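Colleague: I have a new model open and I'm not sure how to read it. Could you walk me through it, one feature at a time?

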Amino acid sequence: MEVVILGGSRPIGKLAADAIEELLRRKPDAVLGLATGSSPLPVYEELAARHATGLDFSRASGFALDEYVGLPDGHPEQYRNVIRREFTDRINIDPANVHSPDGSAADIPAACDAYEAAIAAAGDVDLQLLGVGTDGHIGFNEPGSSFASRTRIKSLIEQTRKDNARFFTSLADVPHHVITQGLGTIMDARHVILIATGAQKAQAVRDFVEGPVAAICPASVLQFHPHATVLVDEAAASALKLADFYRHTYDNKPSWQGL
Ligand SMILES: N[C@@H]1[C@@H](O)[C@H](O)[C@@H](COP(=O)(O)O)O[C@@H]1O
């Protein structure tokens, strides 16, 4: 796991966009794993700007990490709509190639299996963007999630509902259930870039980067990933024991820049 400590959201967005740009140049039909939440927004901002000056997504495809269950189609907080609004409507990716779990399916387990099959049929995710919850969740894999899990329905813990209530009118409007790619699904991505910013993420970052690998902290499974990059600002890095080592080792230059 490479931990890169950067000056803020803007350089983080640029560095992650560099990785995606490099991937698209090497593999124009790359499969991107897309995350919601505020953490990846600077990446989408940067990619939209690069698209305006020629970066081509026409052959790429995308798979969202997760989705709320039960929000009516067209609801602005349905993650499929968030991903479109924040990212895919701003680039030239084919909308037919942007996939999300179906949170309003009549048969949820079948929809989860179909999502796994679609990811596999696309050849698996080349680069997965991730944020992290204050409890260490990735996607919506809450503490206790199996490291072998695949796409499935999950219940949200109260802290996550509270964290996400800012996007809704009230806490009562935040769904209790979600569909999320499993930790096993996420681990199949060839490269994972996790972004965490702000002091409220410092403990989660410390726990998953330097703590034991344990289901109580789902993101800690990334310690087993052969190519995981963690991009953090100073505030999110503030509880890391080995911060100076990471600064020295990665020196703002993750592996795709020839480390
Ligand atoms: N399902 C999403 C996660 O994918 C995201 O990582 C997390 C953190 O969001 P933020 O980046 O806004 O802190 O929020 C939600 O729970």
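Modeller: Sure, we'll go through the sheet, a strand, a helix, the ligand shell and some annotated residues. Keep in mind that this is a predicted model.

Colleague: Let's start with the sheet. How many strands does the open sheet have, and in what order do they come?

Modeller: When you read a sheet, list the strands side by side as they sit in space. Here, seven strands form an open sheet in the order β1-β10-β9-β6-β2-β3-β5, and their pairing is parallel. At the edges you find β1 (2–6) and β5 (98–99), each of which pairs on one side only.

Colleague: Which strand does β5 pair with, and over how many bridges?

Modeller: Its partner is β3, in the parallel sense, over two bridges. To see one of those pairs, look for Gly 62, whose bridge partner in β5 is Val 98.

Colleague: What about β6? Which strands does it pair with?

Modeller: On β2 (residues 31–34), two bridges make a parallel connection to β6. With β9 (residues 191–196), β6 also pairs in the parallel sense, over four bridges. Two pairs are handy to click on: Leu 32 stands opposite Leu 127 in β6, and Leu 129 stands opposite Ile 193 in β9.

Colleague: And how do I read the two faces of a strand?

Modeller: The general idea is that side chains in a regular strand alternate between the two faces of the sheet. In β6, Leu 127 and Leu 129 are on one side, while Gln 128 and Leu 130 are on the other. All four are buried, so both faces of β6 are covered.

Colleague: Just before β6, I noticed Asp 124. What is the sign of its phi?

Modeller: Positive: phi is near 75°, and this residue is not a glycine. You'll find Asp 124 in the loop between α4 (108–121) and β6. It counts as partly exposed because it has 15 other C-beta atoms within 10 Å, and buried would take 20 or more.

Colleague: Now a helix. How do I check whether the length of α2 makes sense?

Modeller: Use the rise of 1.5 Å a residue. Helix α2 (residues 41–52) has 12 residues, so it should span 16 Å; the C-alpha atoms at its ends are 17 Å apart, which agrees.

Colleague: Which residues of α2 are buried, and what covers them?

Modeller: The buried ones are Pro 42, Val 43, Tyr 44, Glu 46 and Leu 47. Their cover includes α1 (9–26), α3 (79–86) and β6 (127–130). After the helix comes Gly 54, with a positive phi near 120°.

Colleague: Further on there's Asp 56. Where is it, and what does it touch?

Modeller: Asp 56 is in the loop between α2 and β3 (61–64). Apart from residues up to four places away in sequence, Asp 56 touches Pro 28 and Asn 92. It has 14 C-beta neighbours inside 10 Å, so it counts as partly exposed.

Colleague: How many residues surround the ligand, and which are the closest?

Modeller: There are 14 around the ligand, and the closest are Gly 37, Ser 38, Ser 39, Gly 131 and Gly 133. Sorting a shell by class is a useful next step: this one has four nonpolar, nine polar and one charged residues.

Colleague: Which residues does UniProt list for "active site"?

Modeller: The unreviewed UniProt entry lists Asp 66, Asp 135, His 137 and Glu 142. Let's compare two of them. Asp 135 lies in the loop between β6 and β7, and His 137 is placed in the loop between β6 and β7 as well.

Colleague: Is each of them buried or partly exposed?

Modeller: Count the neighbours. Asp 135 has 18 C-beta neighbours inside 10 Å, so it counts as partly exposed. His 137 has 28, so it counts as buried.

Colleague: What do they touch, beyond their neighbours in sequence?

Modeller: Leaving out residues within four places in sequence, the contacts of Asp 135 include Glu 142, Pro 143 and Thr 160. With that same exclusion, His 137 touches Glu 142, Pro 143, Thr 160 and Pro 218.

Terms used:
Residues are numbered from 1 along each chain as its sequence is written. This is a predicted model: local features need pLDDT of at least 70, side-chain atom pairs count only at pLDDT 80 or more; totals for chains, interfaces and linings use all residues. The expected span of a helix is 1.5 Å times one less than its number of residues. A residue is buried if 20 or more other C-beta atoms lie within 10 Å of its own, exposed if 12 or fewer, and partly exposed in between; C-beta atoms are placed from the backbone. Two residues are in contact if their C-beta atoms, placed from the backbone, lie within 7 Å. A residue is near a molecule or strand if its C-beta atom, placed from the backbone, lies within 6 Å of it. Ala, Val, Leu, Ile, Met, Phe, Trp, Tyr, Cys and Pro count as nonpolar, Asp, Glu, Lys and Arg as charged, and the others, Gly among them, as polar. UniProt positions are given in the numbering used here, feature names are shortened, and annotations may be inferred rather than shown by experiment. Two strands pair if DSSP finds at least two bridges between them.
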